[in-house]
Amino acid sequence: MLLKQQAWLRQKLLVLGSLAVGSLLYLVARVGSLDRLQPICPIEGRVSGAHNQAEFPLRALQFKRGLLHEFRKGNSSKEQVPLHDLVQQLPKAIIIGVRKGGTRALLEMLNLHPAVVKASQEIHFFDNDENYAKGIDWYRKKMPFSYPQQITIEKSPAYFITEEVPERIYKMNSSIKLLIIVREPTTRAISDYTQVLEGKERKNKTYYKFEKLAIDPNTCEVNTKYKAVRTSIYTKHLERWLKYFPIEQFHVVDGDRLITEPLPELQLVEKFLNLPPRISQYNLYFNATRGFYCLRFNIIFNKCLAGSKGRIHPEVDPSVITKLRKFFHPFNQKFYQITGRTLNWP
Ligand code: A3P
């Protein structure tokens, strides 16, 4: 009788145990997959009054709160940072470009740092007249909530090439830090073209071949009227910025190296932003299926960038590539000279 009862009890415990383990595994998988789908979840209606419109990455902040303790270790006590300390701060650093340079990857990777909070969307405040007319408070309210010790970073790649932007940013904060991520100019131009081509294909439209756009058929020279070419003349755009900001306020990120070897590039940015080094190899893992590095926040949360990052480029006539590289060469030399960063592009 006793043996029967013991067996019955064992069986019950086994069932309860498997149920508990099953639920736990389900929760872990669900939270993990949600994070991949929605790394930041705006929670509407939970924040009162003026905060309603703002992005409120609660889960991300809870995660960051944990990291913030780590970040502060040794500096001060480990007291809890109350949620009511959260504020929407203007950015202390902006990724101003360059389009297709790896701006999204850079922003997401910097966001691994406990002291950095990213504005998820491209805000286009300084390059869009309509937005700019809404005023600086509108811009601030577009920023995520953060703790006063953290820094907010936004990225809008159109800033780099838009005439009015340097002056407008200067008026907001003349000592702001500016990040420019660049790739080898011809590759960047092809990447730019690929994005536009994909947009056309999605709408069932046809589009010119890259060669036709990049080379003027009348002169057989590089077509400098083509936007993808002009954007890659980095030095021309940078010179406009230098009318407002000294070169020390810029940091050039090597976008080609960020693809293959992200950590050293991120460490240089941490240094430039005067942040203690906190991003480690643990936070970055190579995903063979994606062919890119992905982000690991902790044992549960990881994510790769969306499929729109890392498109396959169309094949381009090698003679056109050679012509473009020759065209960009003197501009690149000037860019290295001004920025003090030599990138050894062909
Ligand atoms: P391609 O699509 O040409 O490969 P941006 O975010 O400025 O639009 O830049 C997009 C580029 O970021 C992609 O260009 C891709 O090569 C690059 N990139 C860099 N690191 C990446 C990463 N970890 N995952 C996906 N794309 C990355």
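Residues 24 or more positions apart account for 71% of the contacts in the chain with a separation of 6 or more, a contact being a pair of heavy atoms within 4.5 Å. The model is a predicted one, in which local features need pLDDT of at least 70 and side-chain atom pairs count only at pLDDT 80 or more, while totals for chains, interfaces and linings use all residues. Residues are numbered from 1 along each chain as its sequence is written, and side-chain values use heavy atoms, with hydrogens and water left out.

The chain has 13 helices and 10 strands; these are DSSP runs numbered from the N terminus, with helices (H or I) of at least four residues and strands (E) of at least two. Of its 346 residues, 45% count as buried, where buried means under 20% relative accessible area, exposed means over 50%, and partly exposed lies in between, for a 1.4 Å probe and with protein chains only. The chain exposes about 18,700 Å², of which carbon and sulfur atoms supply 56%, the areas coming from the Shrake-Rupley method with a 1.4 Å probe, and only the protein chains shown counting as cover for residues.

Helix H7 offers a starting point for the tour. The 18 residues of H7, 185–202, should span 26 Å at 1.5 Å a residue, and this agrees with the 26 Å between its end C-alpha atoms; the expected span is 1.5 Å times one less than the number of residues. At the start of H7, a side-chain oxygen of Glu184 comes to within 3.1 Å of the backbone nitrogen of Thr186. The buried residues of H7 include Pro185, Thr186, Arg188, Ala189 and Ile190, and further along Leu197 and Gly199. An α-helix has 3.6 residues a turn, so residues three or four places apart point the same way. The buried residues of H7 pack against four helices, namely H8 (210–214), H9 (227–231), H10 (234–241) and H13 (318–339).

Beyond H7, Asn204 lies in the loop between H7 and H8, and its phi is near 60°, a positive value in a residue other than glycine. Asn204 is exposed, with a relative accessible area of 74%. Glu184, at the other end of H7, also meets the end of the chain: the C-alpha atoms of Pro346 and Glu184 are separated by 8.2 Å although the two are 162 residues apart along the chain. Pro346 is found in the segment after H13 and counts as exposed at 52% relative accessibility; leaving aside neighbours within four places in sequence, Pro346 is in contact with Glu184, Arg325 and His329.

H7 also takes part in the largest pocket, which holds about 790 Å³ of space. A pocket here is an open set of points, on a 1 Å grid over the protein atoms alone, with protein on both sides within 12 Å along at least five of seven lines, and lining residues have an atom within 4 Å of a point. The largest pocket is lined by 41 residues, of which Arg99, Lys100, Gly101, Gly102 and Lys309 lie nearest its centre. The elements that give two or more residues to this lining are H3 (103–110), H7, H9, H11 (255–260) and strand S9 (292–296), and H7 gives the most, with six residues.

Lys100 belongs to the loop between strand S2 and H3. Lys100 is buried, with a relative accessible area of 12%, and its phi is near 65°, a positive value in a residue other than glycine. Val98 lies in the loop between S2 (93–97) and H3, and a cis peptide bond, with omega about 10°, joins Gly97 and Val98.

From H3 the path leads to strand S10. Lys303, which lies in S10 (residues 302–303), is buried, with a relative accessible area of 5%, and its side chain makes a polar contact of 2.7 Å with the side chain of Glu108. A polar contact is a pair of N or O atoms within 3.5 Å; within protein, one must be able to donate a hydrogen and the other to accept it, and residues adjacent in sequence count only if both atoms are side-chain atoms.

Two further buried residues complete the picture. Ile151, in strand S5 (residues 151–155), counts as buried at 14% relative accessibility, and its C-alpha lies 6.1 Å from that of Ala115, 36 residues away in sequence. Asn283, in the loop between H12 (262–272) and strand S8 (284–287), is buried with a relative accessible area of 8%; among the residues Asn283 touches are Leu112, Arg278 and Cys294.

Technical notes
1 Å grid on protein atoms, 1.4 Å probe; cavity = no way out; pocket = protein on both sides within 12 Å on 5 of 7 lines; lining within 4 Å. Points joined across faces, edges and corners; volume = space filled by probe spheres on them.
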